[in-house]
Amino acid sequence: MRFDQIDAIETYNDPNSCDRSEPETLYAVTYPDGTTIFNMSREEVLDYVEDVLDFGFSGSFSVREQEEE
């Protein structure tokens, strides 16, 4: 392994590094009947809502950020 690769790995694993990428926020979509879809990225939620609106879904649903485990 090259030294620059080792440095990149150490930087990624360092919790104090400003170069460390943030973990992706996941969301859950819940329907009035209690059905919930978990682990959706922001882009997946937006695509899903757009599809639901395109098909004329008239019910209500909620989107919330999932709690970290």
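**A tour of one sheet and one helix**

Begin with residues 27–30, strand E1, and residues 36–40, strand E2: the two strands pair in the antiparallel sense over three bridges. The model you are viewing is predicted.

Select tyrosine 27 in E1 and look across to E2, where its bridge partner is methionine 40. Then select threonine 30; its bridge partner in E2 is threonine 36.

Next, go to the hairpin of E1 and E2. How many residues lie between the strands? There are five, and glycine 34 in this hairpin takes a positive phi near 95°.

Now widen the selection to the sheet. Three strands form it, in the order E2-E1-E3, and the sheet is open, with antiparallel pairing. Which strands are at the edges? They are E2 and E3, the latter covering residues 62–65, and each of them pairs on one side only. On average, neighbouring strands of this sheet are turned by 20° against each other, with direction ignored.

Move on to helix H2, residues 42–54. The helix has 13 residues, and at 1.5 Å a residue it should span 18 Å. Pick the C-alpha atoms at its two ends: they are 18 Å apart, so the model agrees with the expected span. In an α-helix there are 3.6 residues a turn, so residues three or four places apart point the same way.

Keep H2 selected and show the sheet again. H2 lies across E1, E2 and E3, and runs at about 140° to E2.

For the last stop, select glycine 56, just after H2. This glycine takes a positive phi of about 75°.

Terms used: Residues numbered from 1 in each chain as written. Predicted model: local features only at pLDDT ≥ 70, side-chain atom pairs only at ≥ 80, totals over all residues. Heavy atoms only, no water. Pairing = 2+ DSSP bridges. Helix = DSSP H or I, 4+ residues; strand = E, 2+ residues; numbered from the N terminus. Expected span 1.5 Å × (residues − 1). Axes fitted to C-alpha atoms, helices over the stretch in contact; angles between N-to-C directions. Contact = heavy atoms within 4.5 Å.
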